[in-house]
Amino acid sequence: MEIAELKAELERLHRASFGWALSCCRRDRTEAEEVLQTVYLKILQGKARFRGEASFKTWMFAVIRKTAATEYRKSFLRKLRLASNPSPTERIALEEGPTTTFEKSEAQKRFQLALDQLPARQRETLHLVFYEDLSLREAAEVMGVSIGSARQHYERGKKHLREFLEQTEGTYGIDWRRKENPGTVS
């Protein structure tokens with residue numbers, strides 16, 4: 001593929017690629033931006049080559065996933081080293097900012113909490129199918145698993161997500177639709 005064609009494809013898929021990078025980086029925007037930049041460099045420098053065995057989008061999502069996993073491992077090792085002897089400024093950098101909890105509505109919080117409860121493979125499969133509009137076969141290729149395995153993660157993920165959301169309805173006072181109101185005047 002020529003450089004001009006490659007750049008055009010990267011630009012066309014940028015939005016979806018960033019969404020997938022966010023998912024792979026546990027919704028950390030800065031980390032996702034760094035991962036995506038690394039992926040673009042790998043592709044443009046020829047370190048990652050598209051061979052046409054799958055669609056370009058599927059191949060690129062696999063590169064993003066592998067790069068994010070590698071960066072996560074590196075970051076984790078750095079944090080372990082820092083934990084043994086952190087300075088006050090390093091301690092602050094490791095903490096999550098309080099503004100992230102106020103950015104989402106209650107429904108979004110519940111849904112994200114439910115997603116976070118899922119095992120990683122189920123969460124990845126649901127993200128690829130629902131948010132990135134990939135088929136189960138393409139999601140399986142991105143994840144490096146068989147189609148049967150992807151289908152199983154997909155079905156179990158939907159089931160667990162539904163169960164978790166149904167369980168939390170009572171906590172949030174949403175189960176009023178299921179019960180009669182005893183205070184109603186006839």
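Is threonine 125 buried or exposed? Keep that question in mind while the whole chain is on screen, because threonine 125 is the third stop of this tour and its relative accessible area is given there.**The whole chain**

The model is predicted, and a cartoon view of its 186 residues, of which 32% count as buried, is a suitable place to begin. Colour by secondary structure and you will find nine helices and zero strands, so that the pattern read along the sequence is α-α-α-α-α-α-α-α-α. If you then draw the contacts between residues at least 6 apart in sequence, 64% of them join residues at least 24 apart.

**First stop: helices H1 and H3**

Select residues 3-12, which form helix H1, together with residues 29-44, which form helix H3; the two pack at an angle of about 160°, and their axes are 11 Å apart. Because of that angle, H1 counts as roughly antiparallel to H3, and H1 passes H3 in a right-handed crossing. To see where the two helices meet, show the side chains of Ile3, Leu6, Lys7 and Leu10 on H1 and those of Tyr40, Ile43 and Leu44 on H3, which make the contact. Coloured by class, the contact of H1 with H3 shows six nonpolar residues, one charged residue and no polar residue.

Stay on H1 and select arginine 12, which lies in this helix and counts as exposed at 56% relative accessibility. The side chain of arginine 12 makes a polar contact, at 2.9 Å, with the side chain of glutamate 9. If you add lysine 57 to the selection, you will find its C-alpha atom 9.9 Å from that of arginine 12, although the two residues are 45 apart in sequence.

**Second stop: the loop before H3**

Move next to the loop between helix H2 (14-24) and H3, and select arginine 26, which is found there; arginine 27 is found in this loop as well. What is the sign of phi at arginine 26? Arginine 26 has a positive phi of about 55°, although it is not a glycine, and arginine 27, also not a glycine, has a positive phi of about 65°. As background for reading these two values, most residues other than glycine have a negative phi. Arginine 26 is partly exposed, with a relative accessible area of 44%, and arginine 27 counts as partly exposed at 44% relative accessibility.

From the loop, step on to glutamate 31, which is found in helix H3 and is buried, with a relative accessible area of 17%. Which residues does glutamate 31 touch, not counting those up to four places away in sequence? They are Cys25, Arg26 and Tyr72, so that Arg26, selected a moment ago, comes back into view as a partner of glutamate 31.

**Third stop: threonine 125 and helices H7 and H8**

Now select threonine 125, whose place is in helix H7 (residues 120-131). The opening question can be answered here: threonine 125 is buried, because its relative accessible area is 0% and buried means under 20%. The side chain of threonine 125 reaches the backbone oxygen of arginine 121 at 2.8 Å. Leaving aside neighbours within four places in sequence, threonine 125 is in contact with Leu136, Met143, Ala150, His153 and Tyr154.

Extend the selection to helix H8 (residues 136-143), whose axis comes within 9 Å of that of H7 and crosses it at roughly 130°. That angle makes H7 oblique to H8, and the crossing, in which H7 passes H8, is right-handed. The contact is made by Arg121, Glu124, Thr125, Leu128 and Val129 of H7 and by Leu136, Ala139, Val142 and Met143 of H8. By class, the residues of the contact of H7 with H8 divide into six nonpolar, one polar and two charged.

**Last stop: isoleucine 147**

Finally, select isoleucine 147, which lies in helix H9 (residues 147-169) and is partly exposed, with a relative accessible area of 26%. Where neighbours within four places in sequence are left aside, isoleucine 147 is in contact with Leu136, Arg137 and Ala140. How far apart are the C-alpha atoms of isoleucine 147 and arginine 137? They are separated by 5.5 Å, while the two residues are ten apart along the chain. Leu136, one of the contacts of isoleucine 147, is also among the contacts of threonine 125, and selecting Leu136 together with these two residues brings the last two stops into one view.

Key:
Residues numbered from 1 in each chain as written. Predicted model: local features only at pLDDT ≥ 70, side-chain atom pairs only at ≥ 80, totals over all residues. Heavy atoms only, no water. Axes fitted to C-alpha atoms, helices over the stretch in contact; angles between N-to-C directions. Helix = DSSP H or I, 4+ residues; strand = E, 2+ residues; numbered from the N terminus. Parallel < 35°, antiparallel > 145°, perpendicular 65-115°, else oblique. Left-handed = near helix turned anticlockwise from the far one by under 90°. Contact = heavy atoms within 4.5 Å. Nonpolar A, V, L, I, M, F, W, Y, C, P; charged D, E, K, R; others polar. Buried < 20%, exposed > 50% of the residue type's maximum accessible area, 1.4 Å probe, protein only. Polar contact = N/O pair within 3.5 Å; in protein donor to acceptor, adjacent residues only side chain to side chain.
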